[in-house]
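Me: I have a structure to work through. Please take my questions one at a time and show the reasoning.

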Amino acid sequence: MRKTSVYIETIGCQMNVADTERAASRLRIAGYELVGDSESADVVLFNTCSVRARAEQKVFNRIGEVRKSSRHGKQIVGVTGCVAQLEGGAIFDHAPGVSLVVGTRATDRLPKIIERIRRGERRILDLGERDEDEVWDISPAERHSPHVAFVPIIEGCNKFCTYCIVPYSRGRERSRGASEITSEVQRLLRSGFKEVHLIGQNVNSYRPKTETGLEGFDGATPFSRLLRAVAATGIPRIKFTTSFPRDFHHDIVAAIDEHENLCDWVHLPVQSGSDHILHLMRRGHKASNYMHRVEAIKNARRKISMTTDIVVGFPGETEKDFEATIELVKQCQYDSIFIFKYSERKGTPAAALSGKISDSEKTARFQALNEVQRGIQNEIYASYLGKTVSVLVEAISTRSTEDMTGHTTCNKVVNFGEGADLMGQIVHVKVTAAKQHSLYGALV
Ligand code: SF4
């Protein structure tokens, strides 16, 4: 009998990618076939992100496109993830062709939900909690890469920054047991994976219910103990993202110093350099507390590269506040920054704040900050010229089919000629050219 085919399109962050991988694992175990295009699929699922209003709009545009396809009416169309969780049943009104809406914590129930629709139920809405005994594992076949794996360690967020929708879409923080995480990393190592990314909205807020799996691993926080436990598996590279500044303990740097396989890269979103704006954002840290963390990172034995996220044009941001951000960026000397123009999210406290900044002013601040960072970044990237870096070979470069591409331990993209037979291996590359966002070199 022909298997029911499912196409899942992911719109969003690493957590969404990991959720898609998990959903695909469950569906395949339940007997579904996973396919790579929406046209041929019996079931089309959009796994969605709602952090930015634009991503949310994209989902509805894509649903509209699928409805225009020749198979319209014969396909089951569903929305999963953050947009599903936030919009709930309103999606059925907005997009009448949708027959299932499944929230962020109900992924494991997807096979049964699809089955019910196939048996004739018209519409199903499931925004419920995860089942207590739910397994977080993902089958290697469903991973987005055969070399680098995302391993969720915590989901949800308790921080309620005033501009952010995540605590509403992903719910409260829930940490995964340490032994489950280390077992997954060991399995990944045996399957040939070279790098794991421990992921979560705030990885360093990690607080599992029990000590199981952390016994014998010292550390000042459960997260730094987990880092040491994962390092002990022997997987060659461990990266982690995202870290929340207030919970960033110096012991994380100590763990990186102790273990070569804990990579020399920290992503620590500051969002603003102004205490006034940080207070309005309810970030729980001041610029000075943040700088103490940065100092600890800069004092590490190995040089650790740093990246951050910054929002410009938050309501009430004065010229002076913005200058404080520029000043902080100059002091931190980030390897790269992700700048976002503040975009209002309905239902968040920041949406009700006065002192809105015009779009043109947001753009001007974006460009000014980008310009400052460009200078810093050019110098940092140029400092790699002539140096040899370790690169995990991940793919053929999208720019030139002659080149291979991969990342350093400090998460910089490196392209180099030759080496198609080295896919999945860690190689040494001597840097011969530096661009703003990548390095270029030759195999050593
Ligand atoms: S820490 Fe703040 S910005 Fe990050 S997910 Fe939580 S609420 Fe959103």
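Me: How many bridges pair strand β17 with strand β19, and in which sense?
Reply: This is a predicted model. Strand β17 covers residues 413-417, and strand β19 covers residues 438-443. One facing pair is N415 and Y440, the latter in β19. The two strands pair in the parallel sense, over 4 bridges.

Me: Which strands make up the closed barrel?
Reply: The barrel has 5 strands, and its pairing is mixed. From one strand to the next, the twist averages 55°. The order is β15-β16-β17-β19-β18.

Me: Which strands stand at the edges of the open sheet, and why is one side of each left without a neighbour?
Reply: The open sheet has 3 strands in the order β12-β13-β14, paired in parallel. The two edge strands have a single partner strand each, so one side of each lacks a neighbour in the sheet. They are β12 (265-267) and β14 (336-341).

Me: What is the average turn between neighbouring strands of the open sheet β12-β13-β14?
Reply: The angle is taken with direction ignored. Neighbouring strands of this sheet are turned against each other by an average of 15°.

Me: Which residue of β14 is the bridge partner of V311?
Reply: Strand β13 spans residues 305-312. β13 runs parallel to β14, and 6 bridges join them. In β14, the partner of V311 is F340.

Me: Which side chains of strand β1 point to the buried face?
Reply: In a regular strand, side chains alternate between the two faces of the sheet. Strand β1 (residues 5-10) shows this alternation. S5, Y7 and E9 point to one face and are not buried. The buried ones on the other face are V6, I8 and T10.

Me: Which residue stands opposite S5 in β2?
Reply: β1 pairs with strand β2, residues 33-34. The pairing is parallel, over 2 bridges. Opposite S5 in β2 stands E33.

Me: How many residues of helix α8 are buried?
Reply: Helix α8 runs over residues 222-231 and is mostly covered. Among its buried residues are F223, R225, L227 and V230. The cover includes α7 (178-190), β10 (195-199), β11 (237-241) and α9 (250-258). Of the 10 residues in α8, the number buried is 8.

Me: Is K58 buried, exposed or partly exposed?
Reply: K58 lies in helix α2, residues 53-67. A buried residue needs 20 or more other C-beta atoms within 10 Å, and an exposed one has 12 or fewer. K58 has 18, so K58 is partly exposed.

Me: How far apart are K58 and I11 in space?
Reply: In sequence, they are 47 residues apart. In space, C-alpha to C-alpha, the distance is 8.3 Å.

Me: How do the residues of the shell around the ligand divide by type?
Reply: The residues around the ligand include C157, K159, F160, C161 and C164. V166, P167, Q201, N202 and F244 also surround the ligand. The shell divides into 7 nonpolar, 2 polar and 1 charged.

Me: What is the radius of gyration of the chain, and how compact is the chain?
Reply: The chain has 13 helices and 19 strands. For 444 residues, the globule rule gives 22 Å. The chain's own value is close to that, so the chain is as compact as a globular protein of that length. Its radius of gyration is 22 Å.

Me: What share of the chain's residues counts as buried?
Reply: The chain has 444 residues. The share that counts as buried is 44%.

Note on methods
Residues numbered from 1 in each chain as written. Predicted model: local features only at pLDDT ≥ 70, side-chain atom pairs only at ≥ 80, totals over all residues. Near = placed C-beta within 6 Å. Nonpolar A, V, L, I, M, F, W, Y, C, P; charged D, E, K, R; others polar. Pairing = 2+ DSSP bridges. Axes fitted to C-alpha atoms, helices over the stretch in contact; angles between N-to-C directions. Rg over C-alpha atoms; globule rule 2.2 N^0.38 Å. Contact = placed C-beta atoms within 7 Å.
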